[in-house]
Amino acid sequence: MTLSRRILLSMLISLVIWMAFTWPLPRYLAEGIPSSARNVEPGNVRRMIPGDHLQLLYYFDLAAETFRGRVPLFTDPFQFDAGPYTNPFPLYHYYIPQSLIYACFKPLAGQAAAWNLTGLLYVWGAYLLLWILARRYAHSEAAAAVGALTVLVLPYRWYGLLGGSPSGFAPVWIVLTILGLDAVGRGFRLVWALASMAGFIFLRAADGQAFYFLVLSMPFWLLLGLVHGYFAGHRPRPARVMGGTAIAGLGAVAGVAYSLLIRWRHLAVSTMRGGRSLAETALFSPHWQGLFSWSAWSGLTNQIFIGIAIPVLLLAGLAVGLRNMRDRHRRGDTLVLILLVAAMVVLVLLALGIRGPHHGVVFRAARRMIPGFRFLRQPARIFSIMPVFLALAATVALRCLHLRNGWSSRLLPYLVGIAFLFECKAQVSTTVCLLDSEQPAYRAVVEDAREKEIVPRAVIIPLWPGDSAWSSLYQHYAMIHGLHMLNGYLPVTSTSYVDNVFRPLKGLNSGVLDQKRLRYLEQLGVNYLLLHENAFPEKVSPFAVAFTLERLRQHPGLKMLMHAGPVWAFAIRAAADSDNRGGSQRSRCDVVCPTRHFYAGRLARRSTLAVRRDDRLTYLRLGDKTGSELSLRALSSPPADRLRWMILARGKGVLEVRTEVPDGGVVGRTLLPVGCTQPRWFASPVSLADYTRIRARLIAREGVIEVAHVFLAAGEWQSLRPGEELFLPSYCLFHAGSTAPDLSSVELDPERDPRAIVVYGPKLPLVPGEYEVTLEYESNAPVGTHLARFNVRHVDGSQTAWQSVAAGHPATLRFEEEVGLPFFVALLFERRAPMRLYGVRLRRLR
């Protein structure tokens, strides 16, 4: 087959498979980009999904802006912009050349289409190059084309590309590098060595970990080309092989030198300077069942899927090849196949991490023996080079099974290819993230700064340590409008940022903005705050987002610029008074929803205390004679009205509750007389002057006390008597969506909000009795449309049956509260129509 025909045919095959594997992305080519290869969204489409895809798009856009001259080279003014105080990563690489290709497409096709066309181009390039490489090992063009399908259909390949990982663009450089190394081993012209050198350099710019694995495997590819070339009749000159190896090695050396520079400049002063712990690696180690199982364990496990068709083909090829070892004409194919299969076994053992045989003995040995291996967090990343191994092994296995002039030999490659394609397609379902072209609150900040002739530098809340995917939303909007963020999103965060920005300003997540923090923000040149209420998980604050938002809205030192959808923008006033109590607006939330709960049933797994269980509750037993005590995990808390520890306990004696700071100092102490056989709630006040890291220590001073639950509470919460009711505004609950301008409701948008539990709360206790929950909502959907479903849950994991929420019908649920554990109403949004939730009405029946 001529090269031109191979180019056209490979382009057609790549386009068809790209459309099949990424559907419905072709329908939204100019509106959205892929965000995942494991879809969980109805219709496979949702707007502005946070994740690595937005982060990588941000860097592509940064490169495009640099090429246009808008941004100075090797700078990033839109994130981690803190002037002379913190600049964690002053040297940036822009994922060239894929970002350059994107920059060329963008003015012609737009942001989303440029991204998608760049991905398609790289899919085709990898397939074409692997086809050329596989043809050296194949007995026919069809066998080479089928073998090369691995780089098109293997799930790991799509997990990278569709998930927004730089590794998604790496296969083309991996294959180019191996294509050159194979040719060098065969003694071909030195132009192949130059291709390999270029491949190494571009691969290091695209994906540092794939580059690392390819450097480690470089001797293997040279040996494989040498062995196969030898049995194919090539007798390369040693000088040419050595010269080609040296030239290709220059690219590897350049990439290694750059990696060492990054390590010296950045990793040495980052939170990852000591490498990844085994505990962290365990979280990202896949199960071996993911290699063959069609069931969806998780994206983490199924990304190592290789299916059944190829392993069966390899076993059959090995069996036939070993039988034909005496045939000197076919001995070389068998030896090459053995080398490839042995290498793949090692790759699989490494990819399983500590979930490999004998608790990952191979992976642990690699961490000890191979420099740099301890920095690997996701062992499955080694699958970045697996498509080439599988392609060549499948090609050689087909050659071993080849029977001259037999129809079965001509049909076998197609059967294997079809089976493998369907196996892999079953593992891939694309989610499309529709892109916003603007965010009015961000635009308002930039326009206000332009009028004042100042830099539009802002802190975006929630403030993270710098490594949260939620921050990719900030990146996207900041790039669109030219906003300078003090925070941002990077895979590896510098200790400078954590020490100089995150820790001093972490209290902003709870609305703590005193004079000290105002002066520090002024020192950093920060003039604005923005808050994303729909990107506010429990982890960031001990209370729901309304607690933070109320404090910012009432702060006399802040002026609200705009509320647009889920984003609130505030300007910091000059010479602001930091007294939060001076606000004129009344709080809309008397009830504060807490997030820091400590349930004895979960604490018992790691506690050495005696455990007692009854029909519903688990207790940890504290006794004055045993000297036992319960020390809870430390948490950060703001000062708040009626801040207190709430303890569900029973027994007879005196319980001491200490509030401690991490260095051992005691900031509060309460003695609680306990005298009850049934569990009751007890309160221990906490008084704080500033945002402080605290923990509770519980000690039985007299008698025996059994503790079932502890949580940190604030605000009002009264028990209901029979016949009484309480209305909980949705704005005050944990919620996604966006609050209405008058704070009367939370608006849920099926285009933007996920099919998930998007509103829940209050996570506070009720006295035992019978209750009725009614959702107050409205929707313009046709009567009977299934909008959502809801139920009542408790912090121990128990829950009632689901109750449907249908447009035009009341949504009411009755439940029996038995023991008084904190409860919450959970609303699962079905994404079938817009919905406005005003709140939850709770009524005690008896």
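Reader: Hi! Which residue follows α7, and what is the sign of its phi?
Author: Hello! Gly 164 follows α7, and its phi is positive, near 80°. Helices here are DSSP runs of H or I with at least four residues, strands are runs of E with at least two, and both are numbered from the N terminus. This is a predicted model, where local features need pLDDT of at least 70, side-chain atom pairs count only at pLDDT 80 or more, and totals for chains, interfaces and linings use all residues. Residues are numbered from 1 along each chain as its sequence is written, and side-chain values use heavy atoms, leaving out hydrogens and water.

Reader: Thanks! How many residues of α7 are buried?
Author: 8 of its 8 residues are buried, meaning under 20% relative accessible area with a 1.4 Å probe, protein chains only. Among them are Pro 155, Trp 158 and Leu 162.

Reader: And at what angle does α7 pack with α4?
Author: Helix α4 (residues 111-135) and helix α7 (residues 155-162) pack at about 155°, their axes 11 Å apart. Axes are lines fitted to C-alpha atoms over the stretch in contact, and angles run from 0 to 180 degrees between N-to-C directions. That makes the two helices roughly antiparallel, the word for angles over 145 degrees.

Reader: Which residues make the contact?
Author: From α4, Gly 119, Tyr 122, Val 123 and Ala 126; from α7, Arg 157, Trp 158 and Leu 161. Contact means heavy atoms within 4.5 Å.

Reader: New topic: what is the strand order in the open sheet of 5 strands?
Author: The order is β18-β21-β26-β23-β24, with antiparallel pairing. Two strands pair if DSSP finds at least two bridges between them.

Reader: Which strands stand at the edges?
Author: β18 (734-735) and β24 (803-806) do; each has a single partner strand, so one side of each lacks a neighbour in the sheet. In β24, Ala 806 stands opposite His 786.

Conventions. Parallel < 35°, antiparallel > 145°, perpendicular 65-115°, else oblique. Buried < 20%, exposed > 50% of the residue type's maximum accessible area, 1.4 Å probe, protein only.
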